[in-house]
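Student: Could we take a close look at a single part of this structure together? I would like to go through it slowly.

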Amino acid sequence: MEQRQELNILGLSGVIPFAFGAACICASPFVVSVEIADWAYKVTLVYGAIIASYMSGMGAGAIVGGNSRRAALLPGMIAALIAWVAAWPDMPFIGFTPSLRYVALSLVLIYLLIRDNKAIDAGDFPGWYRPLRWRLTVLACTSLLIAAARMSLSS
């Protein structure tokens, strides 16, 4: 299997937990129990933080080549830390409201998309990677923002 096809399958498979979480959250309390929705809120957030951290590291591995590209390492590390803080429960001194955690995580994923697009422009990633990253980021962020909106409406 070629790399492009493999990454498409892996990427789309990786979006399934985001979509599943959003579906459970939206279906509560009509189709799924409130307990399942509460579980979906937590799992979706933690999974999103894991994916954001992975994407931060993956991009860092691709862009360590030249000195001008090393400047992207620190923002990638900060993005991973923001994702970690967003997923950390009961962190009052940061000031993340429950729904803001999902918004923050979406912003991290959008930042990583922008960073990866710059890496594509620099030739660090193949050109076919751009539409894949756009699709995956839009799907993941939509799921996270659905969770944020639903959480805001229910509180």
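Which backbone oxygen lies 3.3 Å from a polar atom of the side chain of Arg 115?

Tutor: Happy to help! This is a predicted model, where local features need pLDDT of at least 70 and side-chain atom pairs count only at pLDDT 80 or more, while totals for chains, interfaces and linings use all residues. Residues are numbered from 1 along each chain as its sequence is written, and side-chain values use heavy atoms, with hydrogens and water left out.

The backbone oxygen you want belongs to Ser 56, 3.3 Å from a polar atom of the Arg 115 side chain. Arg 115 sits in helix α5; helices are DSSP runs of H or I with at least four residues, numbered from the N terminus. With 6% relative accessibility, Arg 115 counts as buried, a word that means under 20% relative accessible area with a 1.4 Å probe, protein chains only. The side chain of Arg 115 also makes a polar contact with the side chain of Asp 116, at 3.2 Å. A polar contact is a pair of N or O atoms within 3.5 Å, where within protein one must be able to donate a hydrogen and the other to accept it, and residues adjacent in sequence count only if both atoms are side-chain atoms.

Another residue to look at is Tyr 102. Leaving aside neighbours within four places in sequence, Tyr 102 is in contact (heavy atoms within 4.5 Å) with Tyr 41, Lys 42, Leu 45, Leu 144, Ala 147, Ala 148 and Met 151.

Notes: Helix = DSSP H or I, 4+ residues; strand = E, 2+ residues; numbered from the N terminus. Buried < 20%, exposed > 50% of the residue type's maximum accessible area, 1.4 Å probe, protein only.
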